Amino acid sequence: MHNHYEEKILPHTPYELFSLVSDVKSYPSFLPWCSKAEIYEETKNHILAKLYVGKGPVTGAFTSHVFLKNPDKIEIQYKDGPLQYLSNTWTFIEKTDNKTKVCFDLDFEFKSSMLNLLMKSFFDQAFINIMTAFEDEAKRRFS
């Protein structure tokens, strides 16, 4: 099982950060470990998407349901791919002066115990970079 939780105060509104995180199709342009995003269905409250992730020869793809609860929360639930499960939640809490507390919570496990061991170091590094990549993209988009 792999878990990662992170909180950060960012100088953007919940609406801006919600729009960034819900823009799944743009992930390949700013997430270094995401090479491709396919959107199969997109409505005001839901996205069905497949992300292609990895680095070098170690790549894979997974499909998830993205539930949009504008502007407070985005919940991602795993549908299929090489994982046993995936649960991911982004929460946006409005603070004063157009600042937002962002909470990022991710929990997942691969189906294969061997793959869990092989991918541990990759995902540990990816976790460190996820919030930074979103923060950098928010600066680029909204500052």
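Lys-95 sits in the loop that links strand 6 (83-94) to strand 7 (100-110). In this predicted model, Lys-95 comes out as partly exposed, because its relative accessibility is 40%, and partly exposed covers the range between under 20% and over 50%. Setting aside residues up to four places away in sequence, Lys-95 touches Ile-9, Thr-100 and Lys-101. Glu-42 is another story: Lys-95 and Glu-42 are 53 residues apart in sequence, and their C-alpha atoms are 29 Å apart in space.

Thr-100 turns up again in the contacts of Thr-13. That threonine, Thr-13, belongs to the loop between strand 1 (2-10) and helix 1 (14-21). Once neighbours within four places in sequence are left out, Thr-13 is in contact with Asn-98 and Thr-100. So Thr-100 is touched by Lys-95 and also by Thr-13. Is Thr-13 buried or exposed? Thr-13 counts as buried, because its relative accessible area is 18% and the cut-off for buried is under 20%.

Now for the cysteines. Cys-34 has a relative accessible area of 4%, so it is buried. Cys-103 is buried too, with a relative accessibility of 9%. As for disulfides, the count is zero, with a pair of cysteine sulfur atoms needing to be within 2.5 Å to qualify.

Stepping back to the whole protein chain, there are three helices and seven strands. Read from the N terminus, the order of the elements is β-α-α-β-β-β-β-β-β-α. The chain is as compact as a globular protein of its length, because its radius of gyration is 15 Å, close to the 15 Å that the globule rule gives for 143 residues. Along the principal axes, the C-alpha trace spans about 45 × 30 × 25 Å.

How much of the chain is tucked away? Of the 143 residues, 45% count as buried. Contacts between distant parts of the sequence also show up: among contacts in the protein chain with a separation of 6 or more, 46% involve residues 24 or more positions apart.

That leaves the surface and the charges. The protein chain exposes about 7800 Å², and carbon and sulfur atoms supply 53% of that area. There are 17 positive and 19 negative charges in the protein chain, and the mean positions of these two groups are 2 Å apart.

Key: Residues are numbered from 1 along each chain as its sequence is written. This is a predicted model: local features need pLDDT of at least 70, side-chain atom pairs count only at pLDDT 80 or more; totals for chains, interfaces and linings use all residues. Side-chain values use heavy atoms; hydrogens and water are left out. Helices (H or I, at least four residues) and strands (E, at least two) are DSSP runs, numbered from the N terminus. The radius of gyration is taken over C-alpha atoms; the globule rule is 2.2 Å times the number of residues to the power 0.38. Buried means under 20% relative accessible area, exposed over 50%, partly exposed in between (1.4 Å probe, protein chains only). Contact means heavy atoms within 4.5 Å. Accessible areas come from the Shrake-Rupley method with a 1.4 Å probe; for residues, only the protein chains shown count as cover. Lys and Arg count as positive and Asp and Glu as negative; His and the chain ends are not counted. The place of a charge is taken as NZ of Lys, CZ of Arg, CG of Asp or CD of Glu.
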